[in-house]
Amino acid sequence: FVRSHQDAVSAFELPEETVEKFMTIVYARIRDVMKTDSLIVQGKNNFIASIKKDITKTLLKEGIYKEIRGCYDQLLSNLYTNVQLYRN
C-alpha cells in the first residue's frame, strides 16, 4: 500500500490526503483476503470490478470520487500489481 500510495501521488498529481483516504477505504475492503490466494485467482480485471462495486458509494460519501474518477481504474490496477508483488 505504501508503494501504491507513493506511485499515485506522483503519477496522478492527486492530493496526498485524497490518496490516503482512497487507500484506507480500499484496505478496509481487502485486508482479510490480502494474504490468501483469492486475489490471484480472481485476476486483475475481476479485482478492479469487485472493489469498484464495493467502494464507489463510500468514495462518493467521502467526497473524493470526483478527484479520483479519471484514474480510478489505474489506481486499482497499480494497487493489485503491488499487492501481488509485495504481499509476502
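In the predicted model, Ser77 is placed in helix H5, the element that spans residues 72-86. The relative accessible area of Ser77 is 12%, and the residue is therefore classed as buried, since the cut-off for that class lies under 20%. When residues up to four places away in sequence are set aside, Ser77 is in contact with Lys44 and Ile48.

A second serine, Ser50, belongs to helix H3, which covers residues 38-62. With a relative accessibility of 19%, Ser50 also counts as buried, because the class extends to values under 20%. The contacts of Ser50, again without residues up to four places away in sequence, are made with Arg29 and Gln42.

Helix H3 also holds Phe47, a residue whose relative accessible area of 2% puts it in the buried class. Between Phe47 and Tyr80 the separation along the sequence is 33 residues, whereas the C-alpha to C-alpha distance in space is 7.5 Å.

As regards the confidence of the prediction, the mean pLDDT of the protein chain is 81, and a score of at least 70 is reached by 75% of the residues. Within the chain, the lowest confidence is found in helix H1 (residues 2-12), where the mean is 67, while the highest is found in helix H4 (residues 65-68), where the corresponding value is 92.

Conventions: Residues numbered from 1 in each chain as written. Predicted model: local features only at pLDDT ≥ 70, side-chain atom pairs only at ≥ 80, totals over all residues. Heavy atoms only, no water. Helix = DSSP H or I, 4+ residues; strand = E, 2+ residues; numbered from the N terminus. Buried < 20%, exposed > 50% of the residue type's maximum accessible area, 1.4 Å probe, protein only. Contact = heavy atoms within 4.5 Å. pLDDT = per-residue confidence, 0-100.
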